[in-house]
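Me: I am new to this structure and would like to go through it slowly, one question at a time. Please explain each term when it comes up.

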Amino acid sequence: MPSGMERLIGLVVLCTVLALVHGNCQKGGLDVVMSPVGARPVCMDSVDNKLYKMGSRWQNSQCMQCSCTPRGVSCCESINPCS
């Protein structure tokens, strides 16, 4: 059975790995655009200056993985190669 110190070291290693995998994230708010059916919320990718509809997922030109949710836009660095 692992000692308390071994558990602590294991937890620190796990947290470090998770932080490295998750990478740096940027958050942004929602914008509102007018369409023929009225106003609708959209997300602006500030890197590429493109609008995305709610529920969209994309990779921007800086290889960040982005998503548009009701809380706004979120773009995070990825360990995956840029495609």
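Me: Which residue in β7 does C66 stand opposite?

Reply: This is a predicted model, in which local features need pLDDT of at least 70, side-chain atom pairs count only at pLDDT 80 or more, and totals for chains, interfaces and linings use all residues. Residues are numbered from 1 along each chain as its sequence is written, and side-chain values use heavy atoms, with hydrogens and water left out. Strand β6 (residues 65-69) and strand β7 (residues 72-76) pair in the antiparallel sense, where two strands pair if DSSP finds at least two bridges between them. Across this pairing, the residue of β7 opposite C66 is C75.

Me: How many bridges hold β6 and β7 together, and how many residues lie between the two strands?

Reply: Strands here are DSSP runs (E, at least two residues), helices are runs of H or I with at least four residues, and both are numbered from the N terminus. β6 and β7 form a hairpin, and Q65 stands opposite C76 in β7. The bridges between β6 and β7 number five, and the residues between the strands number two.

Me: In what order do the strands of the open sheet follow one another?

Reply: Four strands form this sheet with antiparallel pairing, and the twist averages 20° from one strand to the next (axes are lines fitted to C-alpha atoms, for helices over the stretch in contact, and angles run from 0 to 180 degrees between N-to-C directions). The edge strands, β1 (25-28) and β5 (57-59), each pair on one side only. Four bridges join β1 to β7, and C25 has C76 as its bridge partner in β7. The order is β1-β7-β6-β5.

Me: How many residues of β7 are buried?

Reply: Buried means under 20% relative accessible area, while exposed means over 50% and partly exposed lies in between, using a 1.4 Å probe and protein chains only. By that rule β7 is mostly covered, while buried residues make up 23% of the 83 residues in the protein. The count of buried residues in β7 is five of five.

Me: Which elements give two or more residues to the largest nonpolar core?

Reply: A nonpolar core is a set of buried Ala, Val, Leu, Ile, Met, Phe, Trp, Tyr and Cys residues joined through side-chain atoms within 4.5 Å. The largest one has eight residues, namely C43, Y52, W58, M64, C66, C68, V73 and C75. The elements that give two or more residues to this core are β6 and β7.

Me: Why is the pair of Y52 and W58 described as stacked, tilted or edge-to-face?

Reply: Rings of Phe, Tyr and Trp (its six-membered ring) pair if their centres lie within 6.5 Å, and planes under 30 degrees apart count as stacked, over 60 as edge-to-face and the rest as tilted. The structure holds one aromatic pair. Y52 is buried at a relative accessible area of 18%, and W58 is buried at 8%. Because the ring centres are 3.7 Å apart and the planes lie at 5°, the pair is stacked.

Me: Which residues does S56 contact, leaving aside its neighbours within four places in sequence?

Reply: S56 lies in the loop between β4 (50-53) and β5, and S56 is buried, with a relative accessible area of 16%. A polar atom of its side chain lies 2.7 Å from the backbone oxygen of K53. With contact meaning heavy atoms within 4.5 Å, the residues that S56 touches are C66, S67 and C68.

Conventions. A polar contact is a pair of N or O atoms within 3.5 Å; within protein, one must be able to donate a hydrogen and the other to accept it, and residues adjacent in sequence count only if both atoms are side-chain atoms.
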